[in-house]
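Good morning, and thank you for making time for this item. I should like to take you through one structure, and I ask that you keep the display in view as I speak.

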Amino acid sequence: QVQLVESGGGLVQAGGSLRLSCAASGSILSIREMGWYRQAPGKQRELVAATTSGGSTDYADSVKGRFTISRDNAKNTVYLQMNSLKPEDTAVYFCNAEVRTFIRSFSGYWGQGTQVTVSS
């Protein structure tokens, strides 16, 4: 069993910053890719940023230059530093990880989500 626990969401004014954290725990052998997705009301869930165990990163065009994803492999934790936030960044942010456990090959797991609200 794998659990992903997110933290760091909240309410911030436009132009402000927030830092999200997601810690994976359980019977983990290794984690391949970790990432952040978001879902705004009435919209589909979309990729925000992702990073591999080797440090490669990928960003949605809408957040490039404003958001930075980072990862601490020793702690099985991924972070999302969000700067210059805009009202359109308002969404529930979900953590995702591709995890290999002692009894299961690489599979995707989701966190419960954390609300980010940016006021104008």
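I shall speak about a sheet, then the nonpolar core, then one buried threonine, and finally the salt bridges.

Please note at the outset that this is a predicted model.

I begin with the sheet. Four strands form an open sheet in the order β1-β3-β8-β7, and their pairing is antiparallel. β1 and β7 are the edge strands, each pairing on one side only. From one strand to the next, the twist averages 15°. In general, strands of a sheet pair through backbone hydrogen bonds, either parallel or antiparallel.

Let us go through the pairs in order. β1 and β3 are joined by 6 bridges, and within that pair L4 stands opposite A24 in β3. Next, β3 and β8 run antiparallel and are likewise joined by 6 bridges; here L18 has M82 of β8 as its bridge partner. Lastly, 6 bridges join β7 to β8. In that pair, F67 stands opposite M82, and S70 stands opposite Y79. M82 is therefore a residue to locate on the display, as β8 places it opposite F67 and makes it the bridge partner of L18.

β7 and β8 also form a hairpin, with 4 residues between the two strands. In the turn, N76 has a positive phi of about 50°.

How much of β8 is buried? The strand is mostly covered, with 5 of its 6 residues buried.

That leads to the core. The largest nonpolar core holds 31 residues, and those touching the most other members are L4, W36, V48, F67, L80, M82 and Y93. Strands β1, β3, β4, β5, β7, β8, β9 and β11 each give two or more residues to this core. The largest share, 5 residues, comes from β9. As a general matter, nonpolar side chains in soluble globular proteins tend to be buried together.

L80 illustrates how the core is connected. Leaving aside residues up to four places away in sequence, L80 touches L18, R19, L20, W36, V48, A49, F67, T68, I69 and Y93.

I turn now to T51, which is placed in strand β5. Is T51 buried or exposed? Its relative accessible area is 4%, and T51 is therefore buried, the limit being under 20%. The side chain of T51 reaches the backbone oxygen of S56 at 3.1 Å. With residues up to four places away in sequence not counted, T51 touches R32, E33, M34, S56, T57, I69, R71 and V78.

The last topic is charge. Side chains of opposite charge can pair when their charged atoms come close. The whole structure contains 5 salt bridges, and a network of them links R38, E46, R66 and D89.

Within that network, E46 and R38 meet at 2.8 Å, N to O. E46 is partly exposed, at 37% relative accessible area, whereas R38 is buried, at 6%. R38 also meets D89 in a salt bridge, at 3.0 Å. R38 lies in strand β4 and D89 in the loop between β8 and β9, so this pair ties together parts that are 51 residues apart in sequence. D89 is buried as well, with a relative accessible area of 1%.

A further salt bridge joins the side chains of K64 and D61, at 3.1 Å. In this pair K64 is partly exposed, at 49%, and D61 is exposed, at 66%.

I thank you for your attention.

Methods
Residues numbered from 1 in each chain as written. Predicted model: local features only at pLDDT ≥ 70, side-chain atom pairs only at ≥ 80, totals over all residues. Heavy atoms only, no water. Core = buried A, V, L, I, M, F, W, Y, C linked by side-chain atoms within 4.5 Å. Buried < 20%, exposed > 50% of the residue type's maximum accessible area, 1.4 Å probe, protein only. Contact = heavy atoms within 4.5 Å. Polar contact = N/O pair within 3.5 Å; in protein donor to acceptor, adjacent residues only side chain to side chain. Axes fitted to C-alpha atoms, helices over the stretch in contact; angles between N-to-C directions. Salt bridge = Lys/Arg side-chain N within 4 Å of Asp/Glu carboxyl O.
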